[in-house]
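Me: I'm new to reading protein structures, and I keep tripping over the vocabulary. Can we go through the labels one by one?

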Amino acid sequence: MNKEQFLKQLEASLKRLSLEERQDILQDYEEYFAIGIDKGKSEQEISASLGNPRQIAKELLASYHLQQVEQTTSAGNIIRAVWAVIGLGFFNLVIVLGPLIALLGLVFSGWVMSVAFTLAPFGILINLFIGEFRLFDLFASIGLCGIGIFIAMGMNVATKALFKGFIRYMKFNISLVKGGLKHG
């Protein structure tokens, strides 16, 4: 594959990025070709040493989406980053999607529990209409409401920490896909 073919494939694979970022990346790869030609290599040798442009684009897109998540943590950015990392290889489907589902289950159950405990005093209103009101139920529901508020505060901190940890996990995964970990 010559320089022109390589750059066209790379550009086509990077179409999800902004024009400015795409041009930056393409300029970097043009420089790789210029340096390689100065060293006496052919365009085919240079493109072979760089690798598959589609795979390079997948790695760049995954890194880009992870940077977006770090700048603005939103559900949309996290989902785009997860799909970009999964797109690096079929094996990542299991390695990334499995922990994500477990993480989402843990976070969801914690938030549901905090909301359920916090809304416990509304059960007293139901007991009033049924006619089975007991003073103990009132104090127990107030206690559960307090526990629910503490759980919500803890879940707020835990949710942020778990998602930051998951982002670090995805970065680690990308470094493995790019060529393994470097041991110093």
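Me: What makes Phe6 count as buried?

Reply: Its relative accessible area is 0%. Buried means under 20% relative accessible area, exposed means over 50%, and partly exposed is in between, with a 1.4 Å probe and protein chains only. Since 0% is under 20%, Phe6 counts as buried. Before we go on: this is a predicted model, where local features need pLDDT of at least 70, side-chain atom pairs count only at pLDDT 80 or more, and totals for chains, interfaces and linings use all residues. Residues are numbered from 1 along each chain as its sequence is written, and side-chain values use heavy atoms, with hydrogens and water left out.

Me: Which residues does Phe6 touch, not counting those up to four places away in sequence?

Reply: Met1, Tyr29, Phe33, Ser47, Leu50, Gly51, Pro53 and Ile56. Contact here means heavy atoms within 4.5 Å. Phe6 itself is found in helix H1, residues 3-13. From Phe6 to Leu144 it's 63 Å, C-alpha to C-alpha, with their positions 138 residues apart in sequence.

Me: What makes a stretch a helix, and how many helices does the chain have?

Reply: Helices are DSSP runs of H or I with at least four residues, strands are runs of E with at least two, and both are numbered from the N terminus. By that rule the chain has 8 helices and 0 strands. Written along the sequence, the pattern reads α-α-α-α-α-α-α-α.

Me: Why is Leu125 called partly exposed?

Reply: Leu125 comes out at 43% relative accessibility, and that value falls between the two cut-offs, so it's partly exposed. You'll find Leu125 in helix H7, residues 121-130. Leu138 sits 13 residues away from Leu125 in sequence and 9.6 Å away in space, C-alpha to C-alpha.

Me: And Phe133, why does that get the label partly exposed?

Reply: Its relative accessible area is 37%, again in between the cut-offs, so Phe133 is partly exposed. Phe133 lies in the loop between H7 and H8. Leaving out residues up to four places away in sequence, Phe133 touches Ile124, Asn127, Leu128 and Leu138.

Me: How do you know that Ser141 is buried?

Reply: Ser141 has a relative accessible area of 5%, which is under the cut-off, so it's buried. Ser141 belongs to helix H8. Beyond its neighbours within four places in sequence, Ser141 is in contact with Ala120, Pro121 and Ile124.

Me: What makes Ser114 buried?

Reply: Here the relative accessible area is 2%, so Ser114 passes the cut-off for buried. Ser114 is part of helix H6, and its contacts outside the four-place neighbourhood are Gly148, Ile151 and Ala152.

Me: What makes something a nonpolar core?

Reply: A nonpolar core is a set of buried Ala, Val, Leu, Ile, Met, Phe, Trp, Tyr and Cys residues joined through side-chain atoms within 4.5 Å. The largest one has 20 residues, and Leu66, Val82, Val85, Val96, Phe166 and Met170 touch the most other members. Helices H4 (53-71), H5 (75-86), H6 (91-118) and H8 (135-179) each give two or more residues to this core, with the largest share, 7 residues, coming from H8. A second, separate core of 13 residues includes Leu14, Ile25, Leu26 and Ile56.

Me: Which residues is Val96 in contact with, leaving aside neighbours within four places in sequence?

Reply: Val82, Val85, Ile86, Phe166, Tyr169, Met170 and Asn173.

Me: How do you know that the chain isn't a compact globule?

Reply: Look at the radius of gyration, taken over C-alpha atoms; the globule rule is 2.2 Å times the number of residues to the power 0.38. For 184 residues a compact globule would be near 16 Å, but the chain has 26 Å. The C-alpha trace spans about 90 × 35 × 25 Å along its principal axes. Buried residues make up 28% of the 184 residues.
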